[in-house]
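Ready for a few exercises on how a protein and DNA meet? Have your viewer open and try each task before reading its solution.

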Number of protein chains: 2
Amino acid sequence: MEFTNEELINFLKKNDIRPSNIRLKVLKYLLENRIHPSAEDIYNGVIDEIPTLSRTSVYNTINLFKEKGIVSELYLDDKEVRYDINTKLHGHFKCEECGRVYDFPVTSILHSGLEGFVIKKKEINYYGVCINCQ
Amino acid sequence: MEFTNEELINFLKKNDIRPSNIRLKVLKYLLENRIHPSAEDIYNGVIDEIPTLSRTSVYNTINLFKEKGIVSELYLDDKEVRYDINTKLHGHFKCEECGRVYDFPVTSILHSGLEGFVIKKKEINYYGVCINCQ
DNA sequence: TAATAAAATTGTAATCATTACAATTTTGTA
DNA sequence: TACAAAATTGTAATGATTACAATTTTATTA
């Protein structure tokens, strides 16, 4: 998928984020690389287009995106946090062999014991061996 | 709940872990404090009984327990990893107000798109406001 | 347009949970 | 008792993330 600058700018504005070059490039990277990247991945993916980019700016940008609700964090069996531009409910499967993280649809979760609790966010993470690593 | 040393020793042996004082005290702490403690919590909970205890030993012990499958790790919106002695499938709810982590039963999860994948572990983490913080 | 304020970006240093590792202590066994 | 293996300890290293102050860029006002 390719996104025009106009689309990216509108996306940011719609989410109450003032556009800047870094923000556009980070957003573009997230939209076009659905690999649940770490901050380091994002940094490496954008540094070529913005050679003066600092890691701090990547963190600043991600944290802003988090606040505005356009990215969610992924805590998997890693020491790095990963980021996902898809904030709709879906599951994540991490392959213990190749390390890849797959999205999968979650239709429903039957649970009990949370009467009176306000649920704001749900995470569903699976671990195992993916189909390519068997 | 209270556990006798004999029960604790048998529990370890059954799981192929050679008993030692530290391992017994850490296990006892985990069984009697179902608060999903961090390594630091465990350290603080055991240091009174073993004044020479080192943090490294807590990590060594937890990592051994993990390998043997008697504790699982919990990655919540925290920088610390938490540990859970209950390895059966259940959900975790983290209250964003008070920070407490609740267990809840998960009956079933309907998902798709993982045909041919081997699923070894499932995590279900919810975030929100608990009933005591409304 | 120039001057000024506000926002964004940068680089360095700090933080802090966890691990690496080597030294020491304890345990089990011959 | 002596020895080998295992467990424990303390210190230093690691590495992702944040704090913070300085600099640069952008927006606003006169």
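The exercises below concern a predicted model and move from the DNA strands to a helix pair and then to domains.

**Exercise 1. Describe the protein surface near DNA strand C.**

Solution.
- Step 1: start with the residues. DNA strand C is surrounded by 17 residues, and the closest are A:Ser20, A:Arg23, A:Thr52, A:Ser57 and B:Tyr59.
- Step 2: ask which part of the strand they meet. Of the atoms of DNA strand C that come within 4 Å of the protein, 74% are accounted for by sugar and phosphate.
- Step 3: sort the surface by class. It has 8 polar, 5 nonpolar and 4 charged residues.
- Step 4: assign elements. At least two residues each are supplied by helix H2 (21-32) and helix H4 (55-67) of chain A, and by helix H4 (55-67) of chain B.

**Exercise 2. Find polar atoms that lie by phosphate oxygens of DNA strand C, and say whether they belong to side chain or backbone.**

Solution.
- Step 1: take A:Ser20, where a polar side-chain atom lies 2.7 Å from a phosphate oxygen of the strand.
- Step 2: go on to A:Ser57, whose side chain has an N or O atom 2.4 Å from a phosphate oxygen.
- Step 3: turn to chain B. For B:Val81 the atom is a backbone N or O, at 2.9 Å from a phosphate oxygen.

**Exercise 3. Repeat the analysis for DNA strand D.**

Solution.
- Step 1: 17 residues lie around this strand, and A:Tyr59, B:Ser20, B:Arg23, B:Thr52 and B:Ser57 come nearest.
- Step 2: sugar or phosphate makes up 72% of the strand D atoms within 4 Å of the protein, with bases as the rest.
- Step 3: check distances to phosphate oxygens. The side chain of B:Ser20 has an N or O atom at 2.8 Å, while backbone atoms serve for B:Ser54 at 3.3 Å and B:Leu53 at 3.4 Å.
- Step 4: H4 of chain A, together with helix H2 (21-32) and H4 of chain B, give two or more residues to this surface.

**Exercise 4. Work out how H3(B) and H4(B) pack.**

Solution.
- Step 1: for geometry, helix H3 (residues 39-46) of chain B meets H4(B) at about 115°, and the axes are 10 Å apart.
- Step 2: the crossing is right-handed.
- Step 3: list the contact. H3(B) brings B:Ala39, B:Glu40, B:Ile42 and B:Tyr43, and H4(B) brings B:Arg55, B:Val58, B:Tyr59 and B:Ile62.
- Step 4: by class, these are 6 nonpolar and 2 charged residues, with no polar ones.

**Exercise 5. Locate the domains of chain A.**

Solution.
- Step 1: the domain assignment gives domain 1 (5-71) and domain 2 (91-133).
- Step 2: taken over C-alpha atoms, the centres of domain 1 and domain 2 of chain A are separated by 25 Å.

Notes. Residues numbered from 1 in each chain as written. Chains lettered and ligands numbered in written order. Predicted model: local features only at pLDDT ≥ 70, side-chain atom pairs only at ≥ 80, totals over all residues. Heavy atoms only, no water. Near = heavy atom within 4 Å. Polar contact = N/O pair within 3.5 Å; in protein donor to acceptor, adjacent residues only side chain to side chain. Helix = DSSP H or I, 4+ residues; strand = E, 2+ residues; numbered from the N terminus. Nonpolar A, V, L, I, M, F, W, Y, C, P; charged D, E, K, R; others polar. Axes fitted to C-alpha atoms, helices over the stretch in contact; angles between N-to-C directions. Left-handed = near helix turned anticlockwise from the far one by under 90°. Contact = heavy atoms within 4.5 Å. Domains from an automatic or database assignment.
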